Every structure is written in structure tokens, then in C-alpha cells.
Amino acid sequence: MSKVFITLAILVIALTTASFSGGPQASVTASDTPGDPQGVAADKGTGPFQNVTLAPPDKDKIKTGLSVFTNKCLLCHELDANKVGPPLRNATKTYSPEFILNMIVNPVEMQKSNATVKELFKKYNNVPMPDQKISQQDALAIYEYLRSVVK
Ligand code: HEC
């Protein structure tokens, strides 16, 4: 994919996602699911998610998550292959929930302040993941979806 196309894609995304909904962070209880972080995950990143406890998987949220993922993420992320950004199949096993959720709702700050994201930014051709003003609720739904696809 050419740089011009990527830049265009980012512009289109920026222009078409003007909606913003904050809302309080969901609070949930603990679980023990295969897709959950397995030891890597001390880094919480920067953003509104600082203390997420995971509930058992929720079918409705997974469905919502898939639909938001398809609309807002699939352009740049495959589950298993590099695209514009890294593959996300095992993201929830690799990073803490807070890191992933903050990356979804606060990517610009994450690029500025997070060492892991700075590395990824270099690795993925200096393309910044755009801030699409995803609500915390939608971010949590995407997280549920990502948790459900872990192999
Ligand atoms: C315009 C392309 C683009 C879009 C759209 C996009 N990303 Fe990204 N994403 C990237 C790039 C590139 C990186 C690597 C870090 C960077 O350069 O900012 C990244 C990094 C990430 C990371 C951290 C690294 C990792 O390996 O897991 C997560 C999590 C992530 N994206 C999830 C998402 C989700 C979820 C969405 C949809 C809400 C999304 N991204 C939308 C391009 C994009």
C-alpha cells in the first residue's frame, strides 16, 4: 500500500469520525479466559483506562466489538498478517487490557509517551494510528472481540 493511500485513508477516517462519547469507565469483575493477558502485561499505557478487571466473555459485547472493529480497525489491522499496523490476533495475550484500551481511545498520547508504541511506530513505517474518538464503551466491546479471537 502506498504512503499516499495511507495518508488519504487516515484523512478519511479523521473526517468521518466526528462523534464523541465519553461516559464512565465500565467496572467489571475478574475472570480466567484463554484470551486474557498471560504475564507480559505490566505496561498500562497512558489514558483513561488504569484499572480494568475483566468479566467473563459476553456474547453481545463480542458482536458489537466485531462490528466496530470491522468499521474502524480492519482498514489497518488483520488478525494474522501485517497490514498498515500489526496483526491483532493475540494482542490481548501480549498486552495489558489497559494498554490496548488506551491505545484505542488515546493513540496520539500513546505515540508520544509509550516506548512500546514508539517502537511499533518505527516498525510500521512511521504511520500513526489515528484517534477515531472511539467511546470507552466501544473500546471495551472491541477488547471483548479481540479476547474472543485468541488462539
Ligand atoms: C490508519 C491505520 C490504523 C487504524 C485505522 C487503526 N490502527 Fe491500530 N495501529 C496502527 C499502526 C500503524 C500501529 C503501530 C503503532 C503506530 O504506528 O501508531 C497500530 C497499533 C495498534 C495497537 C498496539 C500494537 C499491537 O501490536 O497490538 C493496537 C492494540 C491497535 N493498533 C488496535 C487498533 C484498533 C482496535 C483499531 C480500531 C479501533 C485500530 N487499531 C485502528 C494503525 C491503525
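**Exercise 1.** In which loop does Asn-125 lie? Describe its backbone and its exposure in this predicted model.

*Solution.* Start with the position: Asn-125 belongs to the loop that runs between H6 and H7. Next, take the backbone. Asn-125 is not a glycine, yet its phi is positive, at about 55 degrees. Last, count neighbours. Asn-125 has 11 other C-beta atoms within 10 Å, and a residue with 12 or fewer is classed as exposed. Asn-125 is therefore exposed.

**Exercise 2.** What is the exposure class of Lys-133? Give its place and its phi as well.

*Solution.* Lys-133 is found in the loop between H6 and H7. Its phi is near 55 degrees, which is a positive value in a residue other than glycine. Around Lys-133 there are 15 other C-beta atoms within 10 Å. The exposed class ends at 12 and the buried class begins at 20, so Lys-133 is partly exposed.

**Exercise 3.** How many helices and strands are there in the chain? Add the figures for burial and contact range.

*Solution.* The chain has 7 helices and 0 strands. Read from the N terminus, the order of elements is α-α-α-α-α-α-α. For burial, 30% of the 151 residues count as buried. For contact range, consider contacts with a separation of 6 or more: 80% of them join residues 24 or more positions apart.

**Exercise 4.** Which residues of the largest nonpolar core touch the most other members? Trace the core to its helices, then list the contacts of Ile-142.

*Solution.* The core holds 26 residues, and those touching the most other members are Ile-100, Leu-101, Ile-104, Ala-139, Ile-142 and Tyr-143. Two or more residues come from each of helix H2 (59–72), helix H4 (97–105) and helix H7 (136–148). The top contributor is H7, with 7 residues. Now take Ile-142 by itself. Leaving out residues up to four places away in sequence, Ile-142 touches Gly-65, Val-68, Phe-69 and Ile-104.

**Exercise 5.** How many residues surround the ligand? Name the closest, the elements involved and the make-up by class.

*Solution.* The ligand is surrounded by 30 residues, of which Cys-73, Cys-76, Gly-85, Pro-86 and Met-129 are the closest. The elements giving two or more residues to this shell are helix H1 (3–16), H4, helix H5 (107–113) and helix H6 (115–123). Sorted by class, the shell consists of 25 nonpolar, 4 polar and 1 charged residues.

Notes: Residues numbered from 1 in each chain as written. Predicted model: local features only at pLDDT ≥ 70, side-chain atom pairs only at ≥ 80, totals over all residues. Core = buried A, V, L, I, M, F, W, Y, C linked by C-beta atoms within 7 Å. Helix = DSSP H or I, 4+ residues; strand = E, 2+ residues; numbered from the N terminus. Contact = placed C-beta atoms within 7 Å. Near = placed C-beta within 6 Å. Nonpolar A, V, L, I, M, F, W, Y, C, P; charged D, E, K, R; others polar.
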